[in-house]
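I am opening a fresh page to keep track of what I look up, one entry at a time. Before I begin, the sequence and the structure go here, so that each entry can be followed on them.

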Amino acid sequence: MLKKCVICGKSKGVGKSVVRKGMLKKKGGTGSKIARSTARTFLPNLQKIRILLNGRIKKAYVCTKCIKKGRIKKA
């Protein structure tokens with residue numbers, strides 16, 4: 001399954017999940033430090049719907065932002 005919007009081309013994004021340890025300075029500690037970080041992915045909210053694409057009816061993955069904005073024509 002291709003994780004990409006047919007209309008805007010939105011696909012997965014990459015980032016980090018950060019774990020912090022230690023008490024905050026405003027709570028009386030010496031400050032929070034980053035203990036470790038792991039890679040993670042942010043997936044778009046894609047829906048498989050029937051749309052009119054180039055004059056033909058086709059099932060395709062479209063993100064919810066494109067559906068809400070009305071950038072597609074439902075079949």
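**Entry 1: words for burial.** I first need a scale, so I note that a residue is called buried when its relative accessible area is under 20%, exposed when it is over 50%, and partly exposed in between. I also remind myself that this is a predicted model.

**Entry 2: cysteine 8 and the sulfurs.** Is cysteine 8 buried or exposed? I find neither extreme, because its relative accessible area is 36%, and cysteine 8 is therefore partly exposed. Next I looked for disulfides, keeping in mind that a disulfide is a covalent bond between the sulfur atoms of two cysteines. The structure holds zero of them. For cysteine 8 the closest cysteine sulfur is that of cysteine 5, at 3.6 Å, which is too far for a bond because the two sulfur atoms would have to lie within 2.5 Å. Cysteine 63 is likewise in no disulfide, and there the nearest cysteine sulfur belongs to cysteine 66, 3.4 Å away. Cysteine 63 is buried, because its relative accessibility is 2%. I then listed the contacts of cysteine 66, leaving aside neighbours within four places in sequence, and found Cys5, Ile7, Cys8, Arg71 and Ile72.

**Entry 3: the hairpin.** I turned to strand β3, residues 46-53, and strand β4, residues 56-63, which run antiparallel and are joined by eight bridges. Together β3 and β4 form a hairpin with two residues between them. To see how the strands line up I picked out opposite partners: lysine 48 stands opposite tyrosine 61, and glutamine 47 stands opposite valine 62.

**Entry 4: the turn.** What is the sign of phi at asparagine 54? Its phi is positive, near 60°, and asparagine 54 is a residue other than glycine. I wrote beside this that most residues other than glycine have a negative phi. Asparagine 54 lies in the loop between β3 and β4, and it counts as exposed because its relative accessibility is 76%.

**Entry 5: the core.** Which residues make up the largest nonpolar core? I count nine in all: Cys5, Leu46, Ile49, Ile51, Ala60, Val62, Cys63, Cys66 and Ile72. When I asked which elements give two or more residues to this core, the answer was β3 and β4, the two strands of the hairpin.

**Entry 6: two residues of β4.** I chose valine 62 and lysine 59, since valine 62 is found in strand β4 and lysine 59 has its place there too. Valine 62 is buried because its relative accessibility is 0%, whereas lysine 59 is exposed, with a relative accessible area of 58%. With neighbours within four places in sequence left aside, valine 62 is in contact with Cys5, Ile7, Asn45, Leu46, Gln47, Ile49, Ile51, Ile67 and Ile72. Under that rule for neighbours, lysine 59 touches Lys48, Ile49 and Arg50. I also took two C-alpha distances: valine 62 and proline 44 are 18 residues apart in sequence and 9.5 Å apart in space, while lysine 59 and glutamine 47 are twelve residues apart in sequence and 9.9 Å apart in space.

**Entry 7: threonine 41 and the rings.** Threonine 41 is in strand β2, residues 33-42, and it is partly exposed, with a relative accessible area of 37%. Not counting residues up to four places away in sequence, threonine 41 touches Lys12, Gly13 and Val14. Its C-alpha atom is separated by 12 Å from that of lysine 3, which is 38 residues away along the chain. I then searched the whole structure for aromatic pairs and found zero. I did note one charge over a ring, where the charged end of arginine 40 sits over phenylalanine 42, 3.8 Å from the centre of the ring.

**Entry 8: after the helix.** My last stop was alanine 75, in the segment after α1, which spans 64-69. What does alanine 75 touch, not counting residues up to four places away in sequence? I found Arg50, Ile51, Leu52 and Ile57. The C-alpha atoms of alanine 75 and isoleucine 7 are separated by 15 Å, and these residues are 68 residues apart along the chain.

Terms used. Residues numbered from 1 in each chain as written. Predicted model: local features only at pLDDT ≥ 70, side-chain atom pairs only at ≥ 80, totals over all residues. Heavy atoms only, no water. Pairing = 2+ DSSP bridges. Helix = DSSP H or I, 4+ residues; strand = E, 2+ residues; numbered from the N terminus. Phe/Tyr/Trp six-rings, centres within 6.5 Å; stacked < 30°, edge-to-face > 60°. Lys NZ or Arg CZ within 6 Å of the ring centre and 35° of its normal. Core = buried A, V, L, I, M, F, W, Y, C linked by side-chain atoms within 4.5 Å. Buried < 20%, exposed > 50% of the residue type's maximum accessible area, 1.4 Å probe, protein only. Contact = heavy atoms within 4.5 Å.
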